[in-house]
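Grab a pencil and work through these exercises with the structure open beside you. Try each task before you read its solution.

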Protein chains: 2
Amino acid sequence: MATPHAESAGPRSSTALLTDQYELTMLEAAIADGTAHRSCSFELFARRLPDGRRFGVVAGMGRIPDALARFRFGEPELAIVSRFLDATTTEWLRDFRFSGDIDGYREGELYFPGSPILSVRGTFAECVLLETLMLSILNHDSAIASAAARMVVAADGRRLIEMGSRRAHEESAVACARAAYLAGFDATSNLEAVRTHGIPGAGTSAHAFTLLHTTEVASNEEAAFRAQVAALGVGTTLLIDTYDITQGIENAVAAAGTGLGGVRIDSGDLGVLARQVRNQLDGLGATGTRIVVSGDLDEYAIAALRAEPVDAYGVGTALVSGSGAPTAGMVYKLVEVDGVPVEKRSDHKYSLGGTKRAIRLSRPSGTIVEEVLYHANEPAPDTGDFEPRDLLIPMARGGKIVDDLPTLEDSRALLARNLVSLPWEGLKLSHGDPAIPTRYAGKG
Amino acid sequence: MATPHAESAGPRSSTALLTDQYELTMLEAAIADGTAHRSCSFELFARRLPDGRRFGVVAGMGRIPDALARFRFGEPELAIVSRFLDATTTEWLRDFRFSGDIDGYREGELYFPGSPILSVRGTFAECVLLETLMLSILNHDSAIASAAARMVVAADGRRLIEMGSRRAHEESAVACARAAYLAGFDATSNLEAVRTHGIPGAGTSAHAFTLLHTTEVASNEEAAFRAQVAALGVGTTLLIDTYDITQGIENAVAAAGTGLGGVRIDSGDLGVLARQVRNQLDGLGATGTRIVVSGDLDEYAIAALRAEPVDAYGVGTALVSGSGAPTAGMVYKLVEVDGVPVEKRSDHKYSLGGTKRAIRLSRPSGTIVEEVLYHANEPAPDTGDFEPRDLLIPMARGGKIVDDLPTLEDSRALLARNLVSLPWEGLKLSHGDPAIPTRYAGKG
């Protein structure tokens, strides 16, 4: 390569190279020995939840149809793979279209250890190629949504704004905003997420705007506030902690009047400050002015502020890094070849070979009690007094994405219902076991 | 939105919306009150290193020219921002081109708390818009490169293969592969990184390929190995832990002969297994067959295997998640307005206002001893017997990217030299203080 200019990352129309090389070398070897066209079934699942988590949230399913549609080997992609593949394999890729079946858990569904959240069936050749792309999407988005859902639980109905883009890869940031909204966040700072996914946007100003109103003589916070109110209206949120918070509130109310929409505190002991700020605002007559807090918030900090007069939380780093679990750790495993269940030696403790179906059982109250996996070619197990619900829905048939997949709004609503269905311990933020057990029906 | 189809993520030709909304609302308010055209200086830095790290590695600089070139507001972008911006601001964005100056630390440079790794100067309007995109790129890539460099140190010259794509967002994965290569990794599994960044690719097969060779009668590992060797040659690496490792090695040597390139172990106690596998291979005459290990390796596990007969490491999750520090936590702060230094109340303990220059001092032996920051309008401080080196190089002048920026290969070589320049404690993997102090010259 000559200069960094040569390293242009985009725009990228094909997703086919978002793939590990070994999928293509396996393809070549399988084409050569005649096994490439065996009928295979792959499943994508997590062997365990991130340390101490009680549930996971499925996310990313809504991004799969687009990623799959763009999984095409054009000339630029073929030029790369032909460096290490034989001509037969390269030509095979030229015409590649996934033509198999995909089932998946809905976005917004809960998952637990072993939940087969994606089932991909077709020839070995076509299924093996999707491994990395499917895992990248689902591991990332599910990790973020799983953390975000805990924050939503902790916020207990208060407004949550996702503002972590700056702490994540620029494209990952867009998917983070999407996953957070799916989990119940109210808005995002990320404008590409507004465009691509239709999520409400949010954001008003940073410390830089206040600092901008510095002259050789002095800083001038009130001038900054007046400018912001003039441009954005009194409903805006003013950032009051650039210099002195008490003075900041005086300046804010002087600039906007008592109808000021909100103030934001981005540093310090947020609980103590929120109370002081509330008292001061109320004393000035700005009783309807909302208090927004931000600054290194995670689900624990959000919960700790429950008793304080906080109206909204801005969450950044902890959200986009999955609050300690930046990947869901899911794997994509071959489970059946020409109707024969297969499994790696050490996998039998986590799963069972063969294509599976999954149901979740509930009490009449709606509280979930167990997830049951069973072989797809066997009848559903007897569920006694419990109500079963099928977890896998068709996503693609014969390579064609099915119509009427859930929308992002559907998925957001589903997760809200699912969170209510957890046993009460399942919503605890402390480390613990999965909220419900996973049972392998028919396994000894 | 109607269906997930509507949520297409790409291809994306503009990077302009990879931006937080507040940058645009600040722009509107600043245009309205006449402050938008003030001459400003922003700096991007980390207040601290991730917990216990002794150095950070600057990465992402090579991706900035492309990202900046595509930072354009076309009709699709204007349609989004005009929803919340006034007509004057929207029209201003239509013609937007960054026209200021950028200096930055070279990729592959070490950084420490306070290091001003990016300096952006121009009008408030043009500088404030770049905040999120610059932070996203540098926070992500630097976090990954910083973790990767510790793995390179731990591997002590042995081959390192990046294979974490599946555990990261699909586009983040490409940047992770780049950051790992910059840090000294030898190859990546990610084919898009091969294409976009010219990094060597690697990868041969997964457990699925062995499992594919299952019939109704029995598994047939040797058939899988023979197929792989037939397609990829005896120099390939066979994955030997699908069933029984001892049998796997017998099958591998039976299929490939004693000239077999390598075997990979992906599970179990890798140290114990490596020794057993080495003994068995040697006993079979395959003395030149390399041993590759993978499976949840981080820098500590890599170091712990130093005494074992391991020839190469495959690293995934820990690499793409920054080994516990998935973001570098850098911030982008306004430090000077119309020649006047500015700073937020609570920032004086971390930095000093005003545009800064940075030099790093070395002993005659080449060992670095200190980083010194000083105001750009003051002379460089006296460095006594130490050799100073300028850390900031020009990246853009008048909005134009300068010629001959370092290539990825240049940066990789620079980091290799920089790692040698650290005081010996600086290379320890254990938690500790930054390897060298940062001094603010002229600060009382």
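## Exercise 1: a charge over a ring

The charged end of B:R412 sits over the ring of B:Y181, 4.1 Å from its centre. A charge counts as sitting over a ring if NZ of Lys or CZ of Arg is within 6 Å of the ring centre and within 35 degrees of the ring normal. Before going on, note that this is a predicted model, where local features need pLDDT of at least 70, side-chain atom pairs count only at pLDDT 80 or more, and totals for chains, interfaces and linings use all residues. Residues are numbered from 1 along each chain as its sequence is written, chains are lettered from A and ligands numbered from 1 in the order in which they are written, and side-chain values use heavy atoms, with hydrogens and water left out.

Task: Find the ring whose face A:R412 lies over.

Solution: Go to chain A and look at A:Y181; A:R412 lies over its face, at 4.1 Å from the ring centre.

## Exercise 2: laying one chain on the other

Task: Work out what turn and shift lay chain A on chain B.

Solution:
1. Two copies of a chain are related by a rotation about an axis and a shift along it.
2. Here the turn is 180 degrees and the shift along the axis is 0.0 Å, giving an RMSD of 0.0 Å. The superposition is by least squares on the C-alpha atoms of residues with pLDDT of at least 70 in both copies.
3. The two copies are therefore related as by a two-fold rotation axis.
4. Both copies use the same surface: 99% of the contact residues of chain A recur in chain B. Contact means heavy atoms within 4.5 Å.

## Exercise 3: strands at the edges

Task: Which strands stand at the edges of the open six-stranded sheet in chain A?

Solution:
1. Write down the order, β7-β6-β11-β10-β9-β8 of chain A, with parallel pairing. Strands (E, at least two residues) and helices (H or I, at least four) are DSSP runs, numbered from the N terminus, and two strands pair if DSSP finds at least two bridges between them.
2. Read off the edges: β7 (187-188) and β8 (237-239) of chain A each have a single partner strand, so one side of each is left without a neighbour in the sheet.
3. Check one pair: two bridges join β6 (residues 159-162) of chain A to β7(A), and the strands run parallel. In this pair, A:E162 stands opposite A:T188.

Now try chain B. Its open sheet of seven strands has the order β13-β12-β1-β5-β3-β17-β18, with antiparallel pairing. The edges are β13 (340-341) and β18 (400-401) of chain B. Strand β17 (residues 392-397) of chain B is joined to β18(B) by two bridges, and B:A396 stands opposite B:I401.

## Exercise 4: buried or exposed?

Task: Sort A:L260, A:D338 and A:D404 into buried, partly exposed or exposed.

Solution:
1. Set the cut-offs: buried means under 20% relative accessible area, exposed over 50%, and partly exposed in between (1.4 Å probe, protein chains only).
2. A:L260 has 1%, so A:L260 is buried. Leaving aside its neighbours within four places in sequence, A:L260 touches residues including A:V234 and A:T289.
3. A:D338 has 44%, so this residue is partly exposed. Its phi is near 45 degrees, a positive value in a residue other than glycine.
4. A:D404 reaches 71% and therefore counts as exposed. A:D404 also has a positive phi, about 60 degrees, although it is not a glycine.
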